[in-house]
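Please take a look at the sequence and the model below. A short report on the structure follows.

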Amino acid sequence: MMDDGSELSPTVAHIVRRLRGSHLHSQIERRAKDCLHQPEIKLDSLKEDVRSFLKTSGWERQLQNAVYRELQLPPSHPAAPPEHLKEPLAYMRKAQASWEKRVLKSLNSMSTELGVPLARMRPAAEQKELANKWNEMGTDEPDLTSFRPVYAPKDFLEVLIGLRNPNHDGSEAVGVRSHWGLIQVPLNVRDIPQLRRAYSELSLTTGQLGIDDHAHIHPVIVEQDSAAAQQYSRQGCSTGLRADLWALILNSNNQPQDVMHYEQLTAGVIQHDLLVDNLIYKDVKLTASNDDYYFVFEDFLYQVLLCFSRDTAVLEHFKYNSATPPRSFIQGERMSRVIPFHGFSMYVAPLCFLYNEPSKLYSVFREMYIRYFFRLHSISSSPSGIVSLCLQFERLLQTHLPQLFYHLRQIGAQPLRIAFKWMVRAFSGYLSTDQLLLLWDRILGYDSLEVVAVLAAAVFAFRAENLMEVTSLGSAEAVLADLSTLKVMPLIQVFLFATAI
Amino acid sequence: MSGEDVQPVSCSIKPPVYLQMGDSETGAAPSGVCVVDVALPFGKPVNIQEITFKNYYTAYVTVRLLRKSPGQEGPAKWCTALRDLPLMDNPHTEAGSQDYCSVHRAQMQVEPDHVTSVRLILRQPSSAWLTFSLEEVNIFPHVEPNPEKEVSDWLSDLTLVDQHPDLEGLPDPQTVSSSIQQMWALTEVMQTNQTTASIGRYDVDGCYDINLLSLT
């Protein structure tokens, strides 16, 4: 059988390559060099002494955290080209590429229509003015009426509904395996028995924070252990510890170079004005500013999102995303950005409750985006990708609430059309904030967005009786319009562990 | 391991043969089994290190080898090197359907030496797919590692610079450096082997002056 040793060494070599030359690497090297002056380091046991020094001073733990982070990334075959690593299925790559082209075209035509360039250098007076009111950009009321969001979630849903595998035999339209939902791509999604095994920490007999608040707490923050923090987060984080725990799980420790990077980005915002900035303003005004929970953070949101749209380090994550970022040139300097859609600012808003220091807020948001949120608005076969989540939601509903699904389908209210907007935003803006943060605890704890699909199905299960009474899409939407009173964890627990199978 | 510098063997891959059930009169149905023959260069049997390929919706692959042992006059024999290796977690769903894979020598149940032909038997039991196959099939030969040869090659590549610098009354740098190295090694040894015992024999009546050594 396959020699495990030979399987392991390319992985080790790959991780070493990735970490070599990183800031952590140079820090550890410097500390190792410094420690040579210390008397307890002996020449003949040099290797062991330096190693134990690094262990006791906490640097080994930091290295472990970095390696743990690297292991989360997908393994690759030496013959596989880079786009295959991003997304193995050719038809999905194609669909994502044509979606991006459409979005870019829309942006470009907006630019031409309104006569606003994609990017321009700000004149000195404007730069000074912006620098002065950096902390209160919300007070500005620019004329944004002519700007429209580039796309809304429902446009994206239409693209996903149209996704087809050219090698898939769809001739069995009505049969035992027929799928009543809108997603027609045969991805592998987990059913309830598999979910029960994977999410065993959520079982009805296990205490959860937020419901059973006397749950035993482990002091993982003292140990600074990323993997342990992730495990702890599965049962929910206590409010006081959440900010530190999330930062630890995301390995976002706000080093001086992170602060510097953020400051460089703010300088970039002041110097150049991007068309996308107006879209960000508009989005914040339309969504977060109108929300009872988040309007106080309006200024923070501008600061974070304007910097994010200029951050070329976000490019790195596109190696693992099938998307290729749109590019524009400002006086020879290349900037690549994510184009925000309607509701994008809601990814940042809940984080404002946890972090009040802009550079920390920024680095946590960026890490969350790179690991999770980008999968919610790009086409990929990843189990955490929006396509898989949609399919999983529909499958769970069809398998466990077939009468409800059939009824909704008959009245022209396909369940996904209602649930999609929740899932694309990971429920941000639909749940009350404390409940939302409990949900996001599990996203981090299980390193997967699957709980979002499970919650969507659980919400339908919860309101099933009312939904069976409705006779139109509009009234179905009305039944599911207000989720702000829902308690997330009991819903998920009951759906996963109390559903009869 | 198929390193970057190992070239695949040039082989000819025959078109895949899809086995059909039933006959052409009653209507042949696809059986979900396909055979791909890979012929290696005639008269040059290969010791296989690794077979790599790109999957296209194949669920399981069986590898059979036609081996001819050298020296033996008998005909070459077919044997199964690997049976039903799963390429897709679930034959009905996408996972693994377009992945790049390797079958390594160590995974095979027989020694893949003196191979003249390779037969890949593909299976895809699910009716969800219109077709299935393997692409970009490459066979990498086993290369004996020869470390000594490699090192000497490397050494001979070095151009020895044998210049004698112009010394004017200065000692030969080679001898100076070797004696310094000896002294340094001695100090290292001394540092690690320090004792508190006094060096008694050089102490004459409490005095350390070597000129006053007693000769008794």
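Is A76(B) buried, partly exposed or exposed? A76(B) is partly exposed, at a relative accessible area of 29%. Here buried means under 20% relative accessible area, exposed over 50%, and partly exposed in between (1.4 Å probe, protein chains only).

## Basis of the model

This is a predicted model: local features need pLDDT of at least 70, side-chain atom pairs count only at pLDDT 80 or more, and totals for chains, interfaces and linings use all residues. Residues are numbered from 1 along each chain as its sequence is written, chains are lettered from A and ligands numbered from 1 in the order in which they are written, and side-chain values use heavy atoms, with hydrogens and water left out.

## The two chains

Chain A has 24 helices and four strands. Helices (H or I, at least four residues) and strands (E, at least two) are DSSP runs, numbered from the N terminus. Of the 501 residues in chain A, 52% are buried. Its exposed area is about 23,100 Å², with 54% supplied by carbon and sulfur atoms. Accessible areas come from the Shrake-Rupley method with a 1.4 Å probe; for residues, only the protein chains shown count as cover. Take contacts in chain A between residues at least 6 apart in sequence: 78% join residues at least 24 apart. Contact means heavy atoms within 4.5 Å.

Chain B has two helices and nine strands. Its pattern along the sequence is β-β-β-β-β-β-β-β-β-α-α. Buried residues account for 31% of its 216 residues. Chain B exposes about 14,800 Å², and carbon and sulfur atoms supply 56% of that. A76(B) sits in the loop between β5 (60-67) and β6 (77-86) of chain B. Beyond residues up to four places away in sequence, A76(B) touches L66(B), R67(B) and K68(B).

## Nonpolar cores and a surface patch

In soluble globular proteins, nonpolar side chains tend to be buried together. The largest nonpolar core here has 173 residues. Such a core is a set of buried Ala, Val, Leu, Ile, Met, Phe, Trp, Tyr and Cys residues joined through side-chain atoms within 4.5 Å. F365(A), W422(A), F460(A) and V118(B) have the most contacts inside the largest core. Helix α21 (residues 450-462) of chain A gives the most to this core, with ten residues. Apart from it lies another core, of twelve residues, including L19(A), L24(A), C35(A) and F53(A).

F460(A) lies in helix α21 of chain A. F460(A) is buried, with a relative accessible area of 0%. Its contacts, not counting residues up to four places away in sequence, include F393(A), L397(A), W422(A) and L480(A). F365(A), leaving aside neighbours within four places in sequence, contacts residues including V304(A), F308(A), F344(A) and F373(A).

On the surface, L36(A), L43(A) and L46(A) make a nonpolar patch of about 260 Å². Patches are made of residues with over 30% relative accessible area and no salt bridge: like charges are joined within 9 Å, nonpolar side chains (Val, Leu, Ile, Met, Phe, Trp, Tyr) within 5 Å. L43(A) lies in the loop between α2 (23-35) and α3 (46-56) of chain A. L43(A) is exposed, with a relative accessible area of 53%.

## Salt bridges

How many salt bridges does a search of the whole structure find? The search finds 20 over all chains. A salt bridge is a side-chain nitrogen of Lys or Arg within 4 Å of a carboxyl oxygen of Asp or Glu.

R242(A) pairs with D441(A), the closest N and O atoms being 2.8 Å apart. R242(A) lies in helix α12 (residues 239-249) of chain A and D441(A) in helix α20 (residues 433-446) of chain A, so the pair ties together parts that are 199 residues apart in sequence. Both R242(A) and D441(A) are buried. D441(A) also meets S233(A): the side chain of S233(A) reaches the backbone oxygen of D441(A) at 2.8 Å. S233(A) is buried, at 0% relative accessible area.

R148(A) and E113(A) form a salt bridge of 3.6 Å, N to O. R148(A) is partly exposed at 38% relative accessibility, and E113(A) is exposed at 56%. A salt-bridge network links R120(A), R122(A), E126(A), D273(A), D277(A) and R310(A). D273(A), in strand β2 (residues 272-274) of chain A, is buried at 14% relative accessible area.

How values were computed: Polar contact = N/O pair within 3.5 Å; in protein donor to acceptor, adjacent residues only side chain to side chain.
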